[in-house]
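Open the model in your viewer and keep the sequence panel beside it. The tour goes from one selection to the next.

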Amino acid sequence: MKKFIPIAKPCILKSDIKLGLKALSNGWNKNHSFYIKKFENDFKKKIHSNYSIATSSCTGALTIAIASLNLKKGSEIILSNINWIATVSPIVNLGFKPIFCDIEFKNWCIDPSKLKTLINKKTGAIIVTHLYGNLCDMKKIMKISKEKKIPVIEDAAEALGSKCKKKYAGTIGDIGCFSFHASKSLTTGEGGMMVTNKKKIYDQAKKLSDHGRSKDNYSSYLADEIGFKFKMTNFQAALGISQLKRFKKIILRKREIFKYYKKGLEDLNFNFNYQDKNDYNSYWLTSIYVNENKNFSFKNFRKYMLKGKVDVRNFFPPLSKLKMFNYKKNYKNSFIVSRNSFNIPSHIEITKKQMNMIIDLIKKNFQK
């Protein structure tokens, strides 16, 4: 009987469990933040960032990141229309207005030319999402940021290990946010990280992340302002410390999986994850856009793949389509790409035999 192949799953080794158990037994009282601080330090060194704050999720990291900018009431924040709702929910929850921007067709990320037209006096920040490992055009985006003096937050939840001109995703803008969900390349079960190279942002974010307490008032339980509690646990941090030791190996394996799929499916009329000549894509999920097929139905395709014991995932639906927004503006590329695209199993423990089976199933479906 064939074993079901999921889209993603964590790879937990004995070394991860060993360090996790150690944190469970001694990560209390005077050691209550020992593993958290070590994970923060190890992570910022790995991606070459000055400051880092471990969080309970990437959503928590994004919330703290936005709040740390001290934006004016009524500010607007621009973000890509193709996004997981976790990117927009902190904007709404903090009382700001999300402004959706269409995507570039080549990389499925926010379109810098369209982004520029959306900037006005109310624009407080820009959130750029590196989708499925694909990098946004950060050169153009940071040029706009500098000209307009608008901060950029990188949602790098899906792009751990991706690089633009040797700079890691998450370290190019003013703030970077990462996810360590169980589906991600590096996992702590749940969890996230906020990074920045700016001390002023870090100091404010650090205070907000601990109920609004500054380090001077830490022991007195006095808060300077209302903050948040998105803290990572010692146990999660220990998993992160252990997994981070094989960071390079994990990313290389993701790239190996992508190249194998792309070669196996090269005869089909597909577009795959994009990598610019200056970029290094970590390929969190191997993702496929079905060219020139107006009759493609993801629902039917998934039903077909599930019969073969293989899970596939649709692209995120455009945020503008969700009932709580229901924007009428035309976001042409977002709707085309979202409708005609899918992700395939890309976890690092997938075997060549399983990938060959997936390739054969896809070929049979699209060569009918």
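How many bridges join strand β5 to β8, and do they run parallel or antiparallel? Select residues 152-155 for β5, together with β8: three bridges join the two strands, which run parallel. Helices (H or I, at least four residues) and strands (E, at least two) are DSSP runs, numbered from the N terminus. Two strands pair if DSSP finds at least two bridges between them.

This is a predicted model, in which local features need pLDDT of at least 70 and side-chain atom pairs count only at pLDDT 80 or more, while totals for chains, interfaces and linings use all residues. Residues are numbered from 1 along each chain as its sequence is written, and side-chain values use heavy atoms, with hydrogens and water left out.

**Strand β8**

Stay on β8, residues 175-179. The bridge partner of E154 in this strand is G176. Next add β9, residues 192-196, which runs antiparallel to β8 and is joined to it by five bridges. Within β9, M193 stands opposite F178.

Now show the side chains. In a regular strand they alternate between the two faces of the sheet. In β8, I175, C177 and S179 point one way, and G176 and F178 the other. Five of the five residues of β8 are buried (buried means under 20% relative accessible area, exposed over 50%, partly exposed in between, with a 1.4 Å probe and protein chains only).

**The open sheet**

Move on to the four strands that form an open sheet in the order β10-β12-β14-β13, with antiparallel pairing. Its edge strands are β10 (270-272) and β13, each pairing on one side only. Select β12 (286-290) and β14 (341-344) to see a pair joined by four bridges. Here Y289 of β12 stands opposite S341 in β14.

**Helix α9**

Select residues 247-264, helix α9. The end C-alpha atoms are 26 Å apart, which agrees with the expected 26 Å because the helix has 18 residues at 1.5 Å a residue (the expected span is 1.5 Å times one less than the number of residues). Colour its buried residues, among them F247, I250, I251, F258 and Y261. K254 and R255 are buried as well.

**S209**

S209 sits in the loop between α7 (199-208) and α8 (234-244). It counts as buried because its relative accessibility is 12%. Leaving out residues up to four places away in sequence, S209 touches I53, I64, F228, K229 and F230 (contact means heavy atoms within 4.5 Å).

**Pocket and cavity**

On a 1 Å grid over the protein atoms alone, a cavity is a set of points where a 1.4 Å probe fits but cannot get out, and a pocket is an open set with protein on both sides within 12 Å along at least five of seven lines; lining residues have an atom within 4 Å of a point. Grid points are joined across faces, edges and corners, and a volume is the space filled by probe spheres set on the points.

The second largest pocket has a volume of about 440 Å³. Its lining has 23 residues, with W84, A86, E158, K184 and F316 closest to the centre. Helix α3 (58-68) gives the most to this lining, with three residues.

Finish at the cavity: a search of the whole structure finds one of 30 Å³ or more. The largest cavity has a volume of about 110 Å³. Of its 14 lining residues, select K9, C11, K184, S185 and I348, which lie nearest its centre.
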